[in-house]
Amino acid sequence: MTTGGSDDSRLSKNQRREAAREKAKQLREQQRKKEVRNRVILISSLGVVLVAIVVGVTLVITSTLKPAGPGPLNMASDGLVVGTGLVAETTPALAAGEDPVPTVTDPTSGVVDIRTYVDYMCPYCGQFETTNNAQLTEWINSGAATVEVHPLSILDRASLGTKYSTRAANAAACVANYSPDQFWAFNGLLFENQPEENSEGLDNAAIKDLASQAGVTDLDAVNSCIDDTEFRGWVSDATSRALEGPLPGSDEPNVSGTPTVLVNGQKYTGSLTDPDAFSAFVVQVAGEAYDTSTATPTPTPAG
């Protein structure tokens, strides 16, 4: 039996040409569909990658942005004023983006205006506060002086990534907002228990324990505020305002270091560890503003 040839051998020349064209057409159509399919896959893959990039960028941005919200109650000046009986002066909260409202004082009233700009990680602030806390408390209680405390966050870099300065300043703002009359006690406890620079600082549990020791009246709200760093945006803004200046009620252009202590607008540059030196400065400045025979108690040098 002989083996027959392919069917193409029995086709005419025109038929073979037509068959070749049809086959080429089919190949082109298959290639076109393949290219379309590959293009769809590529576009879909790029879309997935793009969505992933957008989501990633969004997460980074939202995780680093300060919350756009109001500042704490009772700190419209970016500081809290403590007056007679260690009672805080009440003020409304600053709205987001609103400029602070400087505290208005009258040096001739016989009440000395003392303002401190502090970072709770700053060892020099700790020296000043622990040295002078007792006599400041006495002056406030007697009505001889008011003290306006401005918590700042300058030394976050000195807490091994825990941002202790921000967390502590936020905690102070939390107490100012939810339990203002315990602010002075809490401020003192933060300095009594001040961590060393270049340490992690106090954790939130320890800070909340200090709030409890200070006797805050709404401990649950304060604790939640500390854990959520509710006022971290305000802390950042208030710090920037202090560093950029000017400082209200003073000729000082800005905060160039902490502590910055102003007495009736005059900057104290004396010893941070000598209560007599600070007391003498306060009496001197007070004497320039009013008659020391006024009925209002006058700060007296520590004995």
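## Cysteines in this model

The torsion about the S-S bond of Cys 174 and Cys 225 is about -80°, so this disulfide is left-handed. The two sulfur atoms sit 2.0 Å from each other. Please keep in mind that the model is predicted.

Where does this pair lie along the chain? It connects distant parts: Cys 174 belongs to helix α3 (residues 164-178), while Cys 225 belongs to helix α6 (residues 219-227). The two cysteines are 51 residues apart. The structure holds one disulfide, and the partners in the bond are Cys 174 and Cys 225.

Now to another pair of cysteines. Cys 122 takes part in no disulfide, although the sulfur of Cys 125 is the nearest cysteine sulfur to that of Cys 122, at 3.0 Å. Why is there no bond between Cys 125 and Cys 122? A disulfide needs two cysteine sulfur atoms within 2.5 Å, and the sulfur of Cys 125 is 3.0 Å from the one in Cys 122, so the distance is too far for a bond.

Are these cysteines buried or exposed? Here is how each one comes out:

| Residue | Relative accessible area | Class |
|---|---|---|
| Cys 174 | 0% | buried |
| Cys 225 | 1% | buried |
| Cys 122 | 3% | buried |
| Cys 125 | 0% | buried |

Both partners of the disulfide are therefore buried, Cys 174 at 0% and Cys 225 at 1%. Cys 122 is buried as well, at 3%, and Cys 125 also counts as buried, at 0%.

Conventions:
Residues numbered from 1 in each chain as written. Predicted model: local features only at pLDDT ≥ 70, side-chain atom pairs only at ≥ 80, totals over all residues. Heavy atoms only, no water. Helix = DSSP H or I, 4+ residues; strand = E, 2+ residues; numbered from the N terminus. Buried < 20%, exposed > 50% of the residue type's maximum accessible area, 1.4 Å probe, protein only.
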